[in-house]
Amino acid sequence: MKLILPVDLVGRLRKELRTAGDREIGGVLVGEHLHDATFRLADLSVQRSGGSVAHFVRDVEQNSTFLRDFFARTGNDYQRFNYLGEWHSHPRFNALPSGQDLRTMQDIVESPDVGAHFAVLLIVSLRRRGVLELSAVAFRPGTSPESVDVVMEDETMKAEKGWLQRVIDLFRSRRF
């Protein structure tokens, strides 16, 4: 699975993490299905309460409101735009899921009330000089978690450009 993070949402995450300081924050992820197992993050909710230095508790009601608004904005086109999963920060620890994180996400995908075919857990940490450290894991009912390939949108765009277009862009940026 591949998850593309748009530049504007990466900037928003950095800003929210800076504001939260040593307190964990989080929310839900919603995305656009591009093709096969490739998704582009379309938006994320930010829950600024419910977190401590080493723990985050999701507010179901707050995130349900966010999801309803997102589905209304995207015309309830669930085939293209849908819930992708959850995210939260680890301000004092590595951006890796804890044992509790893994159990919680597996419970979400196994729950008949949720009805998700999969869910992604994105863990983020803001390091010195604003470097965003992150990891993502995908969960499916009845299977082990799998690592998700996370790509910043700029890198994706560069990879899709041919070598000639990248040379032209380089010359244009230097204004010879």
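1. A42 has a relative accessibility of 33% and therefore counts as partly exposed; buried means under 20% relative accessible area, exposed over 50%, and partly exposed in between, with a 1.4 Å probe and protein chains only. The residue lies in strand β3. Helices (H or I, at least four residues) and strands (E, at least two) are DSSP runs, numbered from the N terminus. Not counting residues up to four places away in sequence, A42 touches L9, V30, G31, E32 and F70, where contact means heavy atoms within 4.5 Å. The C-alpha atoms of A42 and Y83 are separated by 9.8 Å, with the two positions 41 residues apart along the chain counted as their separation.

2. Basis of the note. This is a predicted model, in which local features need pLDDT of at least 70 and side-chain atom pairs count only at pLDDT 80 or more, while totals for chains, interfaces and linings use all residues. Residues are numbered from 1 along each chain as its sequence is written, and side-chain values use heavy atoms, with hydrogens and water left out.

3. Confidence. pLDDT is the predictor's confidence in each residue, from 0 to 100. The protein chain has a mean pLDDT of 89, and 88% of its residues reach 70 or more. Confidence in the protein chain is highest in β3, at 97, and lowest in helix α4 (residues 153-160), at a mean of 61. Where pLDDT is low, the predicted coordinates should not be read in detail.

4. Overall layout. The protein chain contains five helices and eight strands, in the order β-α-β-β-α-β-α-β-β-β-β-α-α from the N terminus on. Of its 176 residues, 40% count as buried. Among contacts with a separation of 6 or more, 64% are accounted for by residues 24 or more positions apart. The exposed area of the protein chain is about 10,300 Å², of which carbon and sulfur atoms supply 52%; accessible areas come from the Shrake-Rupley method with a 1.4 Å probe, and for residues only the protein chains shown count as cover.

5. Nonpolar cores. A nonpolar core is a set of buried Ala, Val, Leu, Ile, Met, Phe, Trp, Tyr and Cys residues joined through side-chain atoms within 4.5 Å. The largest has 23 residues, and those with the most contacts inside it are L3, L29, L41, L44, L84, W87 and V124. Two or more residues of this core come from each of β1 (2-5), α1 (7-20), β3 (38-44), β4 (81-89), β5 (119-126) and β6 (132-139). The largest share, five residues, is from α1. Leaving aside neighbours within four places in sequence, L44 is in contact with R12, L13, V28, L29, F66 and W87. A second, separate core of 17 residues includes L67, A95, V109 and L121.

6. Largest pocket. On a 1 Å grid over the protein atoms alone, a pocket is an open set of points where a 1.4 Å probe fits, with protein on both sides within 12 Å along at least five of seven lines; lining residues have an atom within 4 Å of a point. The largest pocket holds about 590 Å³ of space. Grid points are joined across faces, edges and corners, and a volume is the space filled by probe spheres set on the points. Its lining has 24 residues, of which N82, Y83, L84, V114 and A116 lie nearest the centre. β2 (26-35), α2 (60-73) and β4 each give two or more residues to this lining.

7. Positive phi values. N76, in the loop between α2 and β4, has phi near 55°, a positive value in a residue other than glycine. N76 counts as partly exposed because its relative accessibility is 43%. R129, in the loop between β5 and β6, has phi near 60°, again positive in a residue other than glycine. With a relative accessible area of 87%, R129 is exposed.

8. Other residues. Q106 lies in helix α3 (residues 99-110) and has 17% relative accessibility, so Q106 counts as buried. Outside its neighbours within four places in sequence, Q106 is in contact with F139, R140, P141, G142, T143 and P145. L34, in strand β2, is partly exposed at 37% relative accessibility. Not counting residues up to four places away in sequence, L34 touches I4, F39 and R40. N94 is placed in the loop between β4 and α3; leaving aside neighbours within four places in sequence, N94 is in contact with S125, R127 and E133.
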